[in-house]
Structures are given as C-alpha cells and as structure tokens.
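Got the viewer open? Let's walk through this one stop at a time, selecting as we go.

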Amino acid sequence: MVGVAVIGAGYWGPNLVRNIQATPQLHLKTLCDLNVTRAREVLGRYSTVRATESLSETLADPDIQAVAVATPAATHLDVALAALEAGKHVLVEKPLASSYEDGLKLVNAAAERGLVLMLDHTFCYTPVVQRLRRLVHDGELGDIQYIDSVRINLGLVQPDIDVLWDLAPHDLSILDSILPPGVTPVAVAAHGSDPMHTGKACVAYISVQLSNGAIAHAHVNWLSPTKIRTMIVGGSKHTAVWNDLDPTQPLAVYNRGVDWSENPEAKRVSYRIGDMVAPALPTGEALRGVMAEFAAAIIEGRAPLTDGRSGLRVLAQLEAASASYAAGGTFVPVNGGTF
C-alpha cells in the first residue's frame with residue numbers, strides 16, 4: 001500500500017480523503033491544513049489518521065510516499081515542488097500551477113526524480129469521457145469537425161481567479177483527453193464580461209482552433225440561475241451528445257449529419273437521418289478512478305493518463321485565453337513547447 005498525505009482540508013480536500021480511504025492500494029496517513037481544527041473535523045472523532053498543520057513534518061515522514069495537493073492554485077508551485085523535492089509522488093488539483101512557467105518547473109522536477117506528477121482532472125475519469133475518448137480514438141465518430149461545450153451555473157465567484165481559470169480547465173482537460181493523436185490546439189480566442197464589477201470575468205466564451213481545421217468552443221459562466229453541463233462532439237460519421245445532468249441517458253450517439261458530395265459534376269449537400277444509440281455506461285464516482293490511476297501509476301512506475309504534461313497543455317491554453325481576453329478577443333497562439 002502507498003502511504004498518502006492530503007494537503008488542504010478545504011472544499012476539495014474532504015473528497016480526496018474519502019476516496020483515498022476507499023482505494024485499497026492507498027493508505028491515508030496524514031491530513032495537513034493550516035487550520036488543524038478543520039482537519040480534525042474532516043477526519044472525524046474516531047479517525048486514526050493524523051491531523052497536523054506542519055507541511056515540513058508531513059513531507060519528512062518516511063511512511064508517506066505520495067501527497068495529494070488541494071490548496072489554492074497560487075500555492076500549488078510551492079507545495080507541490082516541496083513535495084517532489086522531498087521524494088514524494090504528487091497529485092495536484094487543477095490547475096497544475098498559476099502559470100505555464102511554474103507548471104514546467106513541476107514537470108521537470110518530477111522527471112528529474114522519476115516521480116509521478118498527476119493532475120486531478122476528475123472529468124477525464126468519468127465513464128462518459130472515457131467512452132467519448134474511445135469513440136474518437138477508434139474512429140467511430142470519424143474526423144472531428146467541431147466540439148461545443150457549455151458549463152454554466154450559479155457558482156461561487158472566486159476571490160483569486162476569473163471564470164476562465166476556475167471552470168474552463170474542466171473543458172480544456174476533457175478536450176486534451178479525447179482529441180485523437182495528431183490533432184492539437186493551435187490558437188485560442190476568449191471573450192468575456194464582468195457585469196457584477198468584481199474586477200474579473202464572470203462570463204466567458206473560449207474558441208480553440210485545432211490543427212485539423214476544426215474548432216472547439218466552451219461557454220463558462222458563474223451567473224446563470226440554470227445549471228447546464230453539455231458537450232457535443234461532431235464527427236464526419238457520427239455525433240456524440242453528452243448531458244452531464246441526465247442520470248438515465250448521459251450520452252447519446254447520433255447517426256445524423258450533413259454530407260458533402262465532392263463530385264465536380266454534382267457538388268451538393270445531403271442530410272443523413274439515422275438512428276440514435278445511447279451506450280450503456282458503468283456507474284461509479286470519477287474521483288475513485290482518479291485515485292485508482294494515481295496508485296497504479298506509482299506502483300507500475302508509469303505516467304498516469306492525466307500526467308504533468310497534460311496539465312501543461314491545459315495551462316498553455318489558459319494563458320493564451322487570458323492573453324486573448326486582455327487583447328480584446330483576438331486569436332493567440334498556444335505555447336506548445338515540447339509537450
């Protein structure tokens with residue numbers, strides 16, 4: 001079993017604690033938070049897990065081989081880098097860091113030490129996204145023509161980041177997970193507004209140009225009274241529609257679309273009206289899948305599905321989106337680096 005410490009007992013920390021304790025390959029040793037009273041409350045009166053406010057003591061514990069970081073994004077670099085330098089495998093809540101440059105420091109530090117650096121891109125471990133990934137990678141949808149995503153809710157206005165950095169990492173990480181080999185984001189444009197005068201964008205629209213000529217679009221919003229989480233993946237053969245709020249039929253695959261005849265004597269558009277199939281999907285909490293992958297990557301000595309490089313790719317798109325928003329919405333090239 002892999003000894004694990006959770007750093008941060010705030011909003012997401014309790015979810016990590018619960019799922020680590022439910023993963024047979026992991027053994028929760030410590031919950032570390034500056035508010036040790038909060039940490040004890042999360043663990044409960046009868047827990048044998050240690051609660052502490054000392055990060056240095058936690059990282060010095062030889063029984064702890066890995067840490068899960070659930071602290072504010074601005075602290076990810078310092079906390080995760082300290083853990084890597086202490087020889088610990090690291091799972092980080094999104095985003096990887098506050099900038100591409102800081103994220104690159106973490107990726108390099110993990111690579112130099114042969115340690116696992118993994119992103120908690122939870123949606124990538126849902127049964128729906130895993131099926132979408134297979135549909136795309138196996139060619140069942142055909143060539144990707146467009147991707148359209150909506151993630152809106154009456155959400156918590158974050159004190160330190162805008163809606164782009166709060167919600168868009170979910171959509172960009174899903175995009176990174178499902179895109180077929182050879183298709184990559186090349187440029188990002190972002191538009192947004194701050195109708196509440198909070199000093200940051202509360203509503204935003206992101207367009208991502210893909211290397212195959214297709215476009216991906218995401219709408220993120222803190223101010224909607226109605227919660228909507230949908231994604232449409234349009235392909236040349238089939239189109240997949242995901243409604244995350246439909247518990248009975250979250251994914252539907254349509255054999256419907258538009259075909260274009262390339263015959264020079266009869267160039268025309270035809271409409272394909274076929275069947276709809278709702279694939280049967282397994283049930284289970286996505287975060288449980290995150291923990292299982294984290295444990296397997298450590299034990300097997302391999303890179304996880306959402307490794308540090310996937311986090312860098314998301315950061316590159318977020319930085320391009322921020323630059324575009326500041327520049328009035330023009331397309332900004334994505335920093336591809338070597339990742």
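Which residues does UniProt list for "domain: GFO/IDH/MocA-like oxidoreductase"? Select 129-239: that is the span given in the record, which is an unreviewed entry. Keep in mind that you are looking at a predicted model. The span is 23% helix and 44% strand, and its end C-alpha atoms lie 14 Å apart.

Now add the other annotated stretch. UniProt, again from an unreviewed entry, puts "domain: Gfo/Idh/MocA-like oxidoreductase N-terminal" at residues 3-121. Over residues 3-121 you get 39% helix and 24% strand, with 22 Å between the end C-alpha atoms.

**Colour by domain**

The domain assignment cuts the protein into domain 1 (2-121 + 292-307) and domain 2 (123-286 + 316-333). Taken over C-alpha atoms, the centres of the two are 29 Å apart. To highlight the contact, expect 13 residues from domain 1 and 12 residues from domain 2.

**The open sheet**

Show the strands next. You are after an open sheet of nine strands with mixed pairing, and the order to trace is β14-β13-β12-β11-β7-β10-β9-β8-β15. Why do β14 (269-277) and β15 (332-333) each have one side without a neighbour in the sheet? They stand at the edges with a single partner strand each, so there is nothing from the sheet on the other side.

Zoom in on β7 (residues 144-154) and β11 (residues 223-235), which pair in the antiparallel sense over nine bridges. For a landmark, pick Y146, which stands opposite G234 in β11.

Next, bring in the helices. Helix α6 (residues 127-137) lies across β7, β11, β12 (239-243) and β13 (251-260), and makes an angle of about 30° with β13. Helix α9 (residues 308-326) also packs on the sheet, where it touches β8 (185-193), β9 (203-210) and β15. Its direction is at about 50° to that of β8.

While α9 is selected, click A323, which is found in this helix. Is A323 buried or partly exposed? Its relative accessibility is 35%, so A323 counts as partly exposed. Then draw a distance from A323 to R40: their C-alpha atoms are 41 Å apart, with these positions 283 residues apart along the chain.

**Along β8, β9 and β10**

Select β9, where six of the eight residues are buried. Eight bridges join β9 to β8 in the antiparallel sense, and you can spot the register from A190, whose bridge partner in β9 is I206. Strand β10 (residues 215-221) also pairs with β9 in the antiparallel sense, over seven bridges. Here S207 is a good residue to click: its bridge partner in β10 is H217. Follow the chain round the hairpin that β9 and β10 form, with four residues between them. In the turn, G213 has a positive phi of about 95°.

**Into the core**

Hide the cartoon and show side chains. The largest nonpolar core has 71 residues, and those touching the most other members are V67, V90, L132, I147, V233 and W242. Helix α7 (residues 163-178) gives the largest share, nine residues. Where does this core sit relative to the domains? Domain 1 and domain 2 both give residues to it, so the core lies between them.

Centre on I147. Leaving aside neighbours within four places in sequence, I147 is in contact with L175, I178, L179, I215, A216, H217, M231, I232 and V233. There is also a second, separate core of 28 residues; among them are L43, Y125, L287 and V290.

**Last stop: β5 and α4**

Select β5 (89-93), where five of five residues are buried. H89, L91 and E93 point one way, while V90 and V92 point the other way. Four bridges join β5 to β4, and the two run parallel. V67 stands opposite V90 in β5, and both are among the core residues with the most contacts to other members.

Then move to helix α4 (residues 76-85), whose buried residues are H76, L77, V79, A80, A83 and L84. Their cover includes β1 (2-7), α3 (55-60), β4 (66-69), β5 and α5 (100-113). Just after α4, finish on G87, with its positive phi of about 85°.

Technical notes
Residues numbered from 1 in each chain as written. Predicted model: local features only at pLDDT ≥ 70, side-chain atom pairs only at ≥ 80, totals over all residues. Heavy atoms only, no water. Pairing = 2+ DSSP bridges. Contact = heavy atoms within 4.5 Å. Axes fitted to C-alpha atoms, helices over the stretch in contact; angles between N-to-C directions. UniProt positions renumbered as here; feature names shortened; annotations may be inferred. Core = buried A, V, L, I, M, F, W, Y, C linked by side-chain atoms within 4.5 Å. Buried < 20%, exposed > 50% of the residue type's maximum accessible area, 1.4 Å probe, protein only. Domains from an automatic or database assignment.
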